[in-house]
Amino acid sequence: MRFLSSNQHYIARCITLAQNGLGTTYPNPLVGSVIVYDDKIIGEGWHQKAGEPHAEVHAIKSVKDKSLLSQSTLYVNLEPCSHFGKTPPCADLIIESKIPKVVIGTMDPFSKVCGNGIAKLKNAGIEIEVGVLENECHELNKRFFTYHQKKRPYVILKWAQTQNGFIAPLKKEENRPVWISNKYSRQLVHKWRAEEQAILVGTNTVLQDNPQLNLRDWAGEHPVRVVLDRELRIPTTYSVYDKSVKTIFLTEKQTQSNHENLIFETIDFSHNRNEQILHVLYKHQIQSVIVEGGQKVLNSFIADNLWDEARVFTSDTFLESGVKAPELNFPPDRIISMDNDQLIYFKNK
């Protein structure tokens with residue numbers, strides 16, 4: 001078991017609190033904060049929703065005896081903001097509260113904050129410590145960091161495969177999905193949809209399955225549907241056209257009109273297609289996307305090395321023949337058992 005120093009212990013608590021906001025804070029990062037007096041937590045909070053108070057504000061407000069703030073240390077996993085957005089700067093509130101010391105997990109990569117929040121606190125005479133559990137803080141906000149540093153969303157590849165490596169039968173009798181994974185795995189997929197900002201599929205997947213690509217087995221916000229349809233072959237009677245969820249079609253056709261929930265973006269499918277896709281999603285302020293398929297789309301992201309994480313369900317079922325699953329030729333990061341399914345995580349390191 002890893003031994004944590006007191007500073008690491010409190011930053012770990014910040015990370016735990018911050019995780020409560022996954023799926024509800026976009027485009028803001030996940031942030032938790034605790035306030036410690038005499039080695040005891042006297043206040044804590046996390047950022048709950050974009051446009052609402054930040055973690056530091058909740059933590060300071062939760063302290064019952066405000067006179068203790070001038071003798072306390074504030075811990076936060078990400079650098080406090082220093083600019084006016086939808087809410088006032090957290091750095092200003094920390095200064096006004098006369099908190100003498102702030103311990104920060106990692107700096108904020110967002111250009112309007114990056115180093116400025118720390119500088120403002122230092123200039124006010126506050127003692128600063130930066131870089132506590134920094135790797136864990138980066139992992140927590142991997143979507144936010146990828147978006148701001150690489151100028152693209154965090155890409156999660158996801159598929160389910162049979163024990164003998166097929167993701168679908170060659171032919172189907174009905175225009176609906178063939179379930180390979182079990183009901184627990186399928187519910188987990190809906191939880192993931194609530195946590196990520198977008199879900200991407202190719203033309204053939206939509207034509208074969210007519211998927212809704214929304215949330216049904218979990219509460220939360222529907223992800224943005226992203227559909228690759230080079231020639232706009234998908235009939236407008238299909239679910240992806242129902243306007244119930246924001247849907248972005250990527251196509252080579254240029255004569256389409258946009259609706260609030262139905263947007264057409266033109267890209268060149270013959271050259272650097274996936275880079276263009278991610279650029280469009282970045283433009284729409286999408287920080288994470290689940291790529292669900294089909295096979296050609298998944299393999300193209302692997303071939304272009306434009307992915308960050310893969311989540312692969314392997315069931316105990318067999319198909320005599322079918323569509324071959326993508327392959328990742330390196331060891332998995334971890335494996336989890338889910339009844340008769342195995343969930344295998346890969347990280348692109």
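In this predicted model, E309 and K142 are both buried, and their side chains meet in a salt bridge with 3.0 Å from N to O. Because E309 lies in strand β13 (residues 309–314) and K142 in helix α6, the pair ties together parts that are 167 residues apart in sequence. Helix α6 itself, which spans residues 142–150, is mostly covered, with 7 of its 9 residues buried; besides K142, the buried residues are R143, F144, F145, T146, Y147 and H148. The helix is followed by K151, whose phi is positive, near 60°.

**Salt bridges**

Side chains of opposite charge can pair when their charged atoms come close. In this structure the count comes to 17 salt bridges, and three of them are set out below.

| Salt bridge | Closest N to O | Separation in sequence |
|---|---|---|
| K347 and E139 | 2.8 Å | 208 residues |
| E309 and K142 | 3.0 Å | 167 residues |
| K283 and E265 | 2.9 Å | 18 residues |

The bridge between K347 and E139 links strand β16 (residues 341–347) with helix α5 (residues 134–140). K347 counts as partly exposed because its relative accessibility is 23%, and E139, at 35% relative accessibility, also counts as partly exposed. In the pair of K283 and E265, the lysine belongs to helix α9 (residues 273–283) and the glutamate to strand β11 (residues 262–266); E265 counts as buried because its relative accessibility is 12%. Salt bridges that share partners join E139, K142, E309, R311 and K347 into one network.

**The surroundings of R225**

R225 is found in strand β9, which covers residues 224–228, and it counts as buried because its relative accessibility is 0%. Its side chain is joined to that of D242 by a polar contact of 2.8 Å, while a polar atom of the R225 side chain also lies 2.9 Å from the backbone oxygen of Q212. Leaving aside residues up to four places away in sequence, R225 touches a set of residues that includes I199, L213, S239, V240, K243 and I248, as well as Q212 and D242.

**The largest pocket**

Rolling a probe the size of a water molecule over the atoms shows where empty space is left. The largest pocket has a volume of about 1400 Å³, and of the 50 residues that line it, the closest to its centre are T205, D209, E292, G293 and G294. Among the elements that each supply at least two residues of this lining are helices α7 (183–195), α8 (203–209) and α10 (295–303), together with strands β6 (154–161), β7 (166–168) and β12 (288–293). The lining residues divide into 20 nonpolar, 13 polar and 17 charged.

Terms used: Residues are numbered from 1 along each chain as its sequence is written. This is a predicted model: local features need pLDDT of at least 70, side-chain atom pairs count only at pLDDT 80 or more; totals for chains, interfaces and linings use all residues. Side-chain values use heavy atoms; hydrogens and water are left out. Helices (H or I, at least four residues) and strands (E, at least two) are DSSP runs, numbered from the N terminus. Buried means under 20% relative accessible area, exposed over 50%, partly exposed in between (1.4 Å probe, protein chains only). A polar contact is a pair of N or O atoms within 3.5 Å; within protein, one must be able to donate a hydrogen and the other to accept it, and residues adjacent in sequence count only if both atoms are side-chain atoms. Contact means heavy atoms within 4.5 Å. On a 1 Å grid over the protein atoms alone, a cavity is a set of points where a 1.4 Å probe fits but cannot get out, and a pocket is an open set with protein on both sides within 12 Å along at least five of seven lines; lining residues have an atom within 4 Å of a point. Grid points are joined across faces, edges and corners, and a volume is the space filled by probe spheres set on the points. Ala, Val, Leu, Ile, Met, Phe, Trp, Tyr, Cys and Pro count as nonpolar, Asp, Glu, Lys and Arg as charged, and the others, Gly among them, as polar. A salt bridge is a side-chain nitrogen of Lys or Arg within 4 Å of a carboxyl oxygen of Asp or Glu.
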